[in-house]
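This report describes the fold, the core and the backbone details of one protein chain. The sequence and coordinates come first, and the description follows.

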Amino acid sequence: MRAFTGRSCLAHNPGPGHPDQPARLATVLESLRSAPGIDVVAATPAPLDAILACHERSYLDRARAMSAAGGGELGTDTTLNADSWTAALGATGAALAALDYALATGGHAFAAIRPPGHHALHHRAMGFCIVNHVAVLAREAVRRERQRVLIIDWDVHHGNGTQAMVEHDAAIRFVSLHQWPWYPGTGAAAERGIGNCFNLPMSPGLPAPTYVKTLWRGIERATDAWQPDVILISAGYDAMLGDPLGGFTLEPTDYATWVHRLRERFADVPIVAVMEGGYAPARLAAGVVATVQAMEA
Ligand SMILES: [Zn+2]
């Protein structure tokens with residue numbers, strides 16, 4: 001089983017007290033490297049062209065310049081240091097390498113990266129996110145003539161940036177399970193895009209099987225008579241019990257259950273998961289390892 005990361009992803013540091021600490025990814029990489037049968041590969045940074053499919057050039061120029069000048073506030077809750085721009089490119093590069101691998105082999109792959117991506121808008125940083133990695137992958141998959149791209153977002157927060165980028169695209173379907181009402185405030189069930197968005201807002205504190213079942217039913221609805229040819233996952237682990245930024249109750253085995261069900265229902269469809277949130281490092285790492293192992297077993 002293969003996991004991809006970017007060499008620069010650990011160097012992004014929004015400062016003390018910010019939830020997106022380098023220790024999150026450091027703990028994940030340590031756990032992946034000590035788990036049997038998982039190769040962790042360092043990918044090359046993303047080419048700007050791939051990112052320009054989703055983001056305005058002037059916004060990307062601003063992010064690069066701010067980082068080059070030592071850092072600053074690029075957007076709400078999104079603080080840059082001198083390494084943040086290269087970290088963002090490194091993260092997207094690892095996600096693209098995971099997509100390459102999955103499309104070339106028909107297998108599955110995980111991108112262990114930070115900063116996360118699913119709140120980033122085409123012209124604006126938001127919610128710790130600079131570049132929207134999963135949206136870049138969806139566009140890239142369409143460019144490579146994949147007709148039906150399914151995005152599943154199981155982060156505890158709604159993937160508002162992803163939805164905004166794909167909600168008019170008939171080749172892409174977006175299913176999101178998230179806490180409601182909660183940051184960022186979008187993701188009502190009535191937000192359907194062109195009929196390609198399937199939002200599943202849920203209360204916190206429910207039993208884990210309720211969340212597992214609800215997301216699965218959403219996936220079944222989204223793929224009724226619509227067989228995806230690639231599955232992309234915005235894999236957030238802040239939906240786990242005990243996360244400081246969410247009130248869901250998931251355990252590592254719940255992520256494994258979803259992956260196993262996806263593999264059973266969509267045999268031979270490549271799955272690419274990109275890491276999003278998860279702010280209790282040891283829990284995050286356990287969730288990632290369970291996901292990656294389920295991709296293989
Ligand atoms: Zn989140």
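How many C-beta neighbours does D77 have inside 10 Å, and does D77 count as buried, exposed or partly exposed? The model is predicted, and in it D77 has 18 such neighbours, so D77 counts as partly exposed; the buried class begins at 20.

## Overall dimensions

The protein contains nine helices and 10 strands. Its C-alpha trace spans about 50 × 40 × 40 Å along the principal axes. A compact globule of 297 residues would have a radius of gyration near 19 Å, and the 17 Å of this protein agrees with that.

Of the 297 residues, 54% are buried. Among contacts with a separation of 6 or more, 74% are between residues 24 or more positions apart.

## The open sheet

Eight strands form an open sheet with parallel pairing, in the order β2-β1-β5-β10-β9-β6-β7-β8. The edges are β2 (39-43) and β8 (197-202); each has a single partner strand, so one side of each is left without a neighbour in the sheet. From one strand to the next, the twist averages 15°.

Within this order, β5 (residues 109-111) and β10 (residues 271-275) pair in the parallel sense over three bridges. A111 stands opposite V274 in β10. Strands of a sheet pair through backbone hydrogen bonds, either parallel or antiparallel.

## The β3-β4 hairpin

The antiparallel case is found in β3 (residues 71-75) and β4 (residues 78-81), which pair over four bridges. The two strands form a hairpin with two residues between them, and G75 stands opposite T78 in β4.

D77, described above as partly exposed, lies in the loop between β3 and β4. Its phi is near 65°, a positive value in a residue other than glycine.

## The nonpolar core and helix α4

In soluble globular proteins, nonpolar side chains tend to be buried together. The largest nonpolar core here has 98 residues, and those with the most contacts inside it are A95 and A98. Helix α4 (residues 84-105) gives the most to this core, with 13 residues.

Which residues does A95 contact, leaving aside its neighbours within four places in sequence? The list is A111, I113, H133, V136, L137 and V274. Two of these residues, A111 and V274, are the pair that stand opposite each other where β5 meets β10. Three others, H133, V136 and L137, are among the buried residues of α5. A95 is therefore in contact with residues of both groups, given that contact here needs C-beta atoms within 7 Å.

## Helix α5

Why can helix α5 be called largely enclosed by the rest of the structure? Nine of its 11 residues (133-143) are buried, so the description follows from that count. The buried residues are H133, V134, A135, V136, L137, A138, R139, E140 and A141. This list includes the charged-type names R139 and E140 alongside V134 and L137. After α5 comes E145, whose phi is positive, near 65°.

## Loop after α6

E167 is found in the loop between α6 (160-166) and β7 (172-179). It has 16 other C-beta atoms within 10 Å and is therefore partly exposed.

Not counting residues up to four places away in sequence, E167 touches G193, I194, N196 and C197. The C-alpha atoms of E167 and R192 are separated by 7.6 Å, although the two residues are 25 apart along the chain.

## Cis peptides and positive phi

Most residues other than glycine have a negative phi, and most peptide bonds are trans. Exceptions of both kinds occur in this model, and two cis bonds involve proline in the loop between β7 and β8. A cis peptide bond joins W180 and P181, with omega about -10°. The bond from Y183 to P184 is also cis, and its omega is near 0°.

A225 lies in the loop between α7 (208-222) and β9 (230-235). Its phi is near 60°, which is positive in a residue other than glycine. With 4 other C-beta atoms within 10 Å, A225 is exposed, whereas D77, with 18 such neighbours, counts as partly exposed.

Technical notes
Residues are numbered from 1 along each chain as its sequence is written. This is a predicted model: local features need pLDDT of at least 70, side-chain atom pairs count only at pLDDT 80 or more; totals for chains, interfaces and linings use all residues. A residue is buried if 20 or more other C-beta atoms lie within 10 Å of its own, exposed if 12 or fewer, and partly exposed in between; C-beta atoms are placed from the backbone. A nonpolar core is a set of buried Ala, Val, Leu, Ile, Met, Phe, Trp, Tyr and Cys residues joined through C-beta atoms within 7 Å. Two residues are in contact if their C-beta atoms, placed from the backbone, lie within 7 Å. Two strands pair if DSSP finds at least two bridges between them. The radius of gyration is taken over C-alpha atoms; the globule rule is 2.2 Å times the number of residues to the power 0.38. Axes are lines fitted to C-alpha atoms, for helices over the stretch in contact, and angles run from 0 to 180 degrees between N-to-C directions.
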